[in-house]
Amino acid sequence: MEGPILESQAAAATVPAADGGRRVIVCAGTGCVANGSKKVLDALEVQMAAAGLDVVLEFRPEGHGDGVRVSHSGCQGFCQMGPLVTILPENILYTKVTADDVADIVNLTLVKGEPVERLLYVEPRTREKCLGPDQIPFYQRQTRVVLKECGFIDPDDINEYVAHGGYAAARKAFAAMDALAVCAVVSASGLRGRGGGGFPTGRKWEAARVQDSAKKYIICNGDEGDPGAFMDRSLMEGNPHCVIEGMMLAARGIGADEGYIYVRAEYPLAVRRMRKAVADAEAAGYLGDNLFDSGQGFRLEVMEGAGAFVCGEETALIASIEGLRGMPAPKPPFPAQQGLWRKPTIINNVETLAQIPRIIMDGAAAYRSLGTETSPGTKTFALTGHVSNTGLIEVPFGATLREVVLNIGGGVTDDRGFIDEKGFKAVQIGGPSGGCLTPDLLDLPLDFDSLRSVGAMVGSGGLVVMNQKTCMVSVARFFMEFTQRESCGKCVLCREGTKQLLALLDDVIEGRATAETLALLETLGHAVQVGSLCGLGKTAPNPVLSTLKHFRKDYEEHVFDKRCSAGRCKALAMPTINAARCKGCRLCVKACPAGAISGEKKQPHVIDEALCIKCGACATACKFGAVEGI
């Protein structure tokens, strides 16, 4: 009993179910789980059984007949709208679903074939309701390759991964290719490391392949520590077997027989799903001895990191696995020569490894069909901040900031969440190691070389959008506080330099700075870049130097005018009332504990600077956004 809307939508379904038939998929990524998606999943099973529907909970390669399969997935990407529920084959996407909505989903959609309109996504500019991903700009404008199955397949079911072509690349590599051939394909693809530096993956593998050693290791770096970044976590939670298969292919390429998946302890769901995936792969014969009758075996262990940001650096990560304190070591020798327990070791991050199975199956040329000449393929980004659509996205390298922020992201928002067409101020890319991109760089291609040319970097893929009410000095301080806290303390310039940079930024935001402070910030920042041992220290000053370059007026306003126009620095804030917005409702007068606000009812009010204590109570109380500067 399908309604006319569902019939037209079914024809446009973009993700067919491997086992055929109807299916309900509940997003069970960390964000949706935190918002109650497990309750939604439990309610679905109960309500569907009550409606007389045959509920199928496990994957059946032969199909599930007239039953409706109910399963969970990893992150579906549209985190702003979670919890998410997808209905197949109609390809309907329901947003912000609660357990109370489940009865309508079952009785209207699954039984009668009618959409639950209140749960459909509403495009903010046109106010049109969208039935599914193929009508939602957030999804329409992406190219989901690595994430294609991440929000679709059941991450806890190895059979579903295999049904979607999983482990076919591993079979091909172990049964029909030698190490040289595997490395050659990866080199020809032009794949570059997705962990931040963009080093050619094939060149790294080749350096380990040629080492004369009977013992070699593969390490998956899942120690994703950048604030606001969750790409690797989502891949491990949503498609763990793809990561395992990528490690198997790396092992085939260099001749390794043992590997470690290093996941930060703050990712308990990723740890659990990776461990289950490893156990299931072993039970199915995809991990172990003599894989695919090749004579080569490969075994994996999942290890939890203690949450130190510096352990994202290769040599510090190796030290941590060895049971030592996670501190970087000088290079050379490089890990490909002497790594874990002084044996040749390859370390790739999660997203890099997840790219490998498709490269082996489809070939280098197919992989190069996306992206740019020097940065082929796609990149996942965590889009957060003052943007309408936050979440996990994937675009080809070469996509512009305009496409990502204004089209996929839906535009920049003001502090109340409304779209502000002229509100874009900056994007921080690459986390604490990255830099700021300004409005004049909206059409800059997002790739390794273009970003490096303007003093930024891809980094792990964090994109934090900021509007005009953002204080760039405070942004620089936030990232500097993070890197100073995470410094391992091994080298003086990083240990002491970041501490002094943080102190200088405190002087700026608290009104103690002078012109000499700005000069010292630049000089010290460059010194820390040059003199630090590892990547954390060398890139730690980037947010400071980048904001000084692109937003010097923000610094000069703090230093010379002793004012923060964004109102974020309390010591320099001075609230004012915008007469054009003030309605004279007197809510601010009632909220002010210092009696600093006066004015007639229904007339614009004013703030007495001498009495104001800058507590912000007036701004909180105002319903019209009339209080500015705090």
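## A walk through the model

With 630 residues, a compact globule would have a radius of gyration near 25 Å, and the 26 Å found here agrees with that. Keep in mind as you go that this is a predicted model. Zoom out to start: along the principal axes, the C-alpha atoms fill a box of roughly 85 × 65 × 40 Å. Switch to cartoon and you'll be looking at 25 helices and 20 strands. Colour by burial and 57% of the 630 residues come up as buried. Of the contacts between residues at least 6 apart in sequence, 70% join residues at least 24 apart.

**Stop one: a five-stranded sheet**

Select β12 to β16. The five strands make an open sheet with mixed pairing, and the order across it is β13-β12-β16-β14-β15. Look at the two edges, β13 (391-396) and β15 (435-437): each has a single partner strand, so one side of each is left without a neighbour in the sheet. From one strand to the next, the twist averages 30°.

Now narrow the selection to β12 (residues 378-385) and β13, an antiparallel pair held over six bridges. Click on F381 and look across to β13, where I393 is its bridge partner. Then add helix α10 (residues 231-238), which packs on the sheet and touches β12, β13 and β16 (462-467). Its direction makes about 115° with that of β12.

**Stop two: one face of α9**

Next, select helix α9 (residues 201-209) and show side chains. Which of its residues are buried? They are T201, G202, K204, W205 and A208. Look down the axis of α9: these buried residues fall within an arc of 160°, so they line one face of the helix. To see what they pack against, bring up the helices α8 (179-189), α11 (240-254), α13 (314-321) and α14 (350-362), along with strand β11 (345-349).

**Stop three: salt bridges**

The whole structure holds 35 salt bridges; here are three to click through.

Begin with E160 and R23, whose closest N and O atoms are 2.7 Å apart. This pair links distant parts of the chain, with E160 in helix α6 (residues 158-163) and R23 in strand β1 (residues 22-27), 137 residues apart. Are these two buried or exposed? E160 has 0% relative accessibility, which is under the 20% cut-off, so it counts as buried. R23 is buried as well, also at 0%. Widen the selection to R69 and D154, and you have a network of salt bridges linking R23, R69, D154 and E160.

Move on to R275 and E304, with closest N and O atoms 3.3 Å apart. R275 sits in helix α12 (residues 268-283) and E304 in strand β10 (residues 299-305), so the bridge ties together parts that are 29 residues apart in sequence. Both ends are partly exposed: R275 at 39% relative accessibility, E304 at 37%.

Finish at R552 and E556, where the closest N and O atoms are 3.7 Å apart. Both lie in helix α23 (residues 552-560), four residues apart, or about one turn of the helix. An α-helix has 3.6 residues a turn, so residues three or four places apart point the same way. With the surface switched on, R552 is partly exposed at 28%, and E556 is partly exposed at 31%.

Technical notes
Residues numbered from 1 in each chain as written. Predicted model: local features only at pLDDT ≥ 70, side-chain atom pairs only at ≥ 80, totals over all residues. Heavy atoms only, no water. Pairing = 2+ DSSP bridges. Axes fitted to C-alpha atoms, helices over the stretch in contact; angles between N-to-C directions. Contact = heavy atoms within 4.5 Å. Salt bridge = Lys/Arg side-chain N within 4 Å of Asp/Glu carboxyl O. Buried < 20%, exposed > 50% of the residue type's maximum accessible area, 1.4 Å probe, protein only. Arc of directions from axis to C-beta. Rg over C-alpha atoms; globule rule 2.2 N^0.38 Å.
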